[in-house]
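Colleague: I would like a close look at a single part of this model, followed outwards to whatever surrounds it. Please state the cut-off behind each term when you use it.

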Amino acid sequence: MDHRRGVATGPPEQLRARLLGAWDALLPLAGGLAPERLGALAELGSWPERPVLARLLAQAGGEEAGPEAARQDHARDGRDAVLAALERAGRRVAGALDAIEADPPLGLTVLESPLGPLPLLTQVHAMAHELALAAIGSGADPVPEAITDAGVAALVDVVGALAHRQGLRAAAGVWGPGSGGWSFRADPDGWETLGGPADVPGVEGAAATVLGVPNGRAALPSLLARGELRLHRIGGLMALAPLVEQVPGLPGGALLRRAVGAVGLLGRLPGMR
């Protein structure tokens with residue numbers, strides 16, 4: 001049996017350092033934001049009606065999670081309340097990693113997610129993507145690399161997981177300023193997620209730019225024309241086309257979809273090679 005499950009079967013100490021490092025970097029960033037911008041991070045907090053990871057951990061332990069509580073808007077709850085909620089969230093993430101470290105098979109328990117079934121530890125790690133998007137959306141400048149690199153790692157790992165689930169043989173990566181670079185290699189048996197340079201198809205550009213494209217912060221054709229993003233080995237990226245069509249809500253899916261759609265129109269721009 002193939003046990004490759006991306007970061008969930010990678011070195012646990014590296015995953016822990018990366019994910020908690022992102023949370024540790026978020027807290028001083030949040031503390032330095034103006035009140036009107038701090039609200040953008042409120043959803044990341046752990047609030048009484050929606051404790052961070054509570055449902056996932058209950059489901060992984062075989063408990064009845066019950067109906068999910070409705071989200072409340074805490075953006076206007078005040079600086080102290082939002083900062084406290086963010087600190088609680090970071091502690092709960094650390095606690096979840098402690099529980100998984102004590103019982104490693106727990107981390108590989110496959111649970112439902114908005115993107116379909118994924119291992120528990122894949123979903124916990126994927127929180128870094130949401131964290132990075134919120135930090136970028138807050139208008140903080142610069143966003144620490146500990147946050148953007150973890151966000152890229154989460155994005156790449158989830159795309160690798162979904163490529164595996166769809167039975168694709170594919171490899172792709174993201175690299176550029178703000179990240180050490182991340183890539184995945186997937187096949188029907190599993191997927192591997194690795195940090196550092198890799199000879200695979202992918203997207204080159206500043207991590208904050210890559211992460212911001214799906215949110216419409218900038219148009220992909222303009223970024224390509226200005227050389228802020230470069231698409232490498234387009235044929236390999238085209239192999240992911242079935243994935244973005246079959247998985248609504250894919251993190252980064254809009255970027256991949258726009259990249260695939262831009263190939264015919266923008267093949268002669270300087271950013272394409």
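Modeller: Strand 4 gives the most to the lining of the second largest cavity, with three residues, where strands (E, at least two residues) and helices (H or I, at least four) are DSSP runs numbered from the N terminus. This is a predicted model, in which local features need pLDDT of at least 70 and side-chain atom pairs count only at pLDDT 80 or more, while totals for chains, interfaces and linings use all residues. Residues are numbered from 1 along each chain as its sequence is written, and side-chain values use heavy atoms, with hydrogens and water left out.

The whole structure holds two cavities of 30 Å³ or more; on a 1 Å grid over the protein atoms alone, a cavity is a set of points where a 1.4 Å probe fits but cannot get out, a pocket is an open set with protein on both sides within 12 Å along at least five of seven lines, and lining residues have an atom within 4 Å of a point. The second largest cavity encloses about 30 Å³, a volume being the space filled by probe spheres set on grid points that are joined across faces, edges and corners. Its lining consists of Ser183, Phe184, Arg185, Glu192 and Leu194, and strand 4 (179-187) and strand 5 (190-195) each supply at least two of these residues. By class, that makes two nonpolar, one polar and two charged residues (nonpolar: Ala, Val, Leu, Ile, Met, Phe, Trp, Tyr, Cys and Pro; charged: Asp, Glu, Lys and Arg; polar: the others, Gly among them).

One of the lining residues, Ser183, also leads to strand 3 (170-176), where Gly173 is found. Gly173 is in contact (heavy atoms within 4.5 Å) with Trp182, Ser183, Val200, Pro201, Gly202 and Val203, leaving aside neighbours within four places in sequence. Because its relative accessible area is 5%, Gly173 is buried (under 20%, with exposed over 50% and partly exposed in between, for a 1.4 Å probe and protein chains only). The C-alpha atoms of Gly173 and Asp157 are separated by 9.6 Å, with the two residues 16 apart along the chain.

Strand 4 also appears in the surroundings of helix 1, since the cover over the buried residues of that helix includes strand 4 together with helix 2 (35-38), helix 4, helix 6 (120-137) and helix 7 (145-165). Among the buried residues of helix 1 are Arg18, Trp23 and Leu26. Trp23, Leu26 and Leu41 touch the most other members of the 83-residue largest nonpolar core, to which helix 7 gives the most, with 12 residues; such a core is a set of buried Ala, Val, Leu, Ile, Met, Phe, Trp, Tyr and Cys residues joined through side-chain atoms within 4.5 Å. Not counting residues up to four places away in sequence, Leu26 touches Leu41, Leu44, Leu86, Leu131, Ala135 and Ile147.

For comparison with the cavity, the second largest pocket has about 240 Å³ of space, and of its 13 lining residues Ala8, Pro12, Ile100, Glu101 and Leu121 are the closest to its centre. Helix 1 (12-31), helix 4 (79-102) and helix 5 (104-107) each supply at least two residues of this pocket's lining, which divides into eight nonpolar, three polar and two charged residues.
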